[in-house]
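Me: Could you take a close look at one part of this predicted model for me? I am new to reading structures, so please go step by step.

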Amino acid sequence: MGVPSDDVVVIEKGNGKGEPFVITINCPDKTGLGCDICRIILEFGLYITKGDVSTDGRWCYIILWVVPRSSSLILRWSNIKDRLQSICPSCLVSFYFDQPSTRSMSSVVYLLKFFCVDRNGLLHDVTHILCELELKIQRVKVMTTPDGRVLDLFFITDSMEILHTKTRQDETLEQLHAVLGESCISSELLLAGPEYECHQGISSLSPVVAEELFRCELSDKETRSQALSPDMAILKKASVTIDNSLSPVHTLLQIHCADHKGLLYDIMRTLKDCNIQIAYGRFSPNTKGHRDLDLFIQQNDGKKIVDPEKQNALCSHLKEEMLHPLRVIIANRGPDTELLVANPVELSGEGRPRVFYDVTLALKLLGICIFTADIGRHSTSGREWEVYRFLLDENCKFQLSNMIARSQIVDRVRRTLMGW
């Protein structure tokens, strides 16, 4: 038998100001549930301060302490609860099964199109509103005209699944107009047509750019540039160990590494893609910028990981995803300067939340206008990536052809993405 649906996800407010909210999830288990939960928490701009996970392979109990990353966040806790409940397996089923979520795959895609006078930070301000409205950006096409106006195409889906209603559409356009003000020339919101398929991919990357963007390790050039940001040096230090001596049926996976935005999501998505099940886990609080995780895990066949090659492969894969979860470079695109950001796509097809939000925020704070922007997907070596391309406006305080200036921009964008 199951539990009442209202008890599947319980959110309790902290006792005092600044105290974390406590999210408790009690539901049937499924492979990758931890990843799906961490993705939603990251999407809402929340930070997991600590957590505990326990499951018998059929039923799981998860408790997470979370705080908003920014005091300016507008959080609708009832919506967070609904989203978390939506990815939990049916409470009427008490046996273990692997039930992938199909909600995001079946979401209807809409096109939000507007034409307005361009200004610094415009793209981020619009993205901020869409995030507050829980509208997920699937693709973007931004085109600036020579006379300083911009045509923006946002292909979006609604996490609340009510964008087909007039009330929801009116609210979206009202919020958009509040941001654009008198600079807005025209705007409309409609179902996406064939043009969405046309924007699914991205224009081809040159072999040189692709090699630099998708390399597994930070290049020497990037390592040297990180002297501008001493925090980045700690990313090179991470410990991932496996111990089979403490449990007759589980492998203990211990992780010690630098904390960053989305760290738990990066670990959980890696384990999900490797078909690793977590029987028990503890996420310790941040201590001097580092996190410790103790996870008792099994393969999807219910057995320990005893093969040394599989152990080494899992440890290496986790290190790669923790140390280098996002790729950021600046390259020449003809006579222009292009910022490229890439993140791996889950095998389920889900991308990383809030990447576009963070990149546009960093560029806004740097005072750099975006001439064109594009989001698409790129496959290489059997892996799919989400690639964000931003053609930067030369009219800014940075000399974009200068390598030091480029390193400063890359450093700021990466730090914003990592939550530093």
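Reply: In this predicted model, Ser381 is placed in the loop between β15 (370-380) and β16 (383-392). The phi angle of Ser381 is near 55°, a positive value in a residue other than glycine. That sign deserves attention, because most residues other than glycine have a negative phi. As for its surroundings, Ser381 has a relative accessibility of 75%, and it therefore counts as exposed, since the cut-off for that word is over 50%.

A second loop can be read in the same careful way. Lys288 lies in the loop between β11 (276-283) and β12 (290-299), and its phi is likewise near 55°, again positive in a residue that is not glycine. Lys288 has a relative accessible area of 82%, so it is exposed.

The strand β12, which borders the loop of Lys288, leads on to β10, because β10 and β12 pair in the antiparallel sense over eight bridges. Within this pairing, Ala258 has His290 in β12 as its bridge partner. Strand β10, made up of residues 251-258, has six buried residues out of eight, and so it is largely enclosed by the rest of the structure; buried here means under 20% relative accessible area. Strand β9 (residues 239-243) is also joined to β10, by five bridges, and these two strands run antiparallel. In that pairing, Ile242 stands opposite Leu253 in β10.

Key:
Residues are numbered from 1 along each chain as its sequence is written. This is a predicted model: local features need pLDDT of at least 70, side-chain atom pairs count only at pLDDT 80 or more; totals for chains, interfaces and linings use all residues. Side-chain values use heavy atoms; hydrogens and water are left out. Helices (H or I, at least four residues) and strands (E, at least two) are DSSP runs, numbered from the N terminus. Buried means under 20% relative accessible area, exposed over 50%, partly exposed in between (1.4 Å probe, protein chains only).
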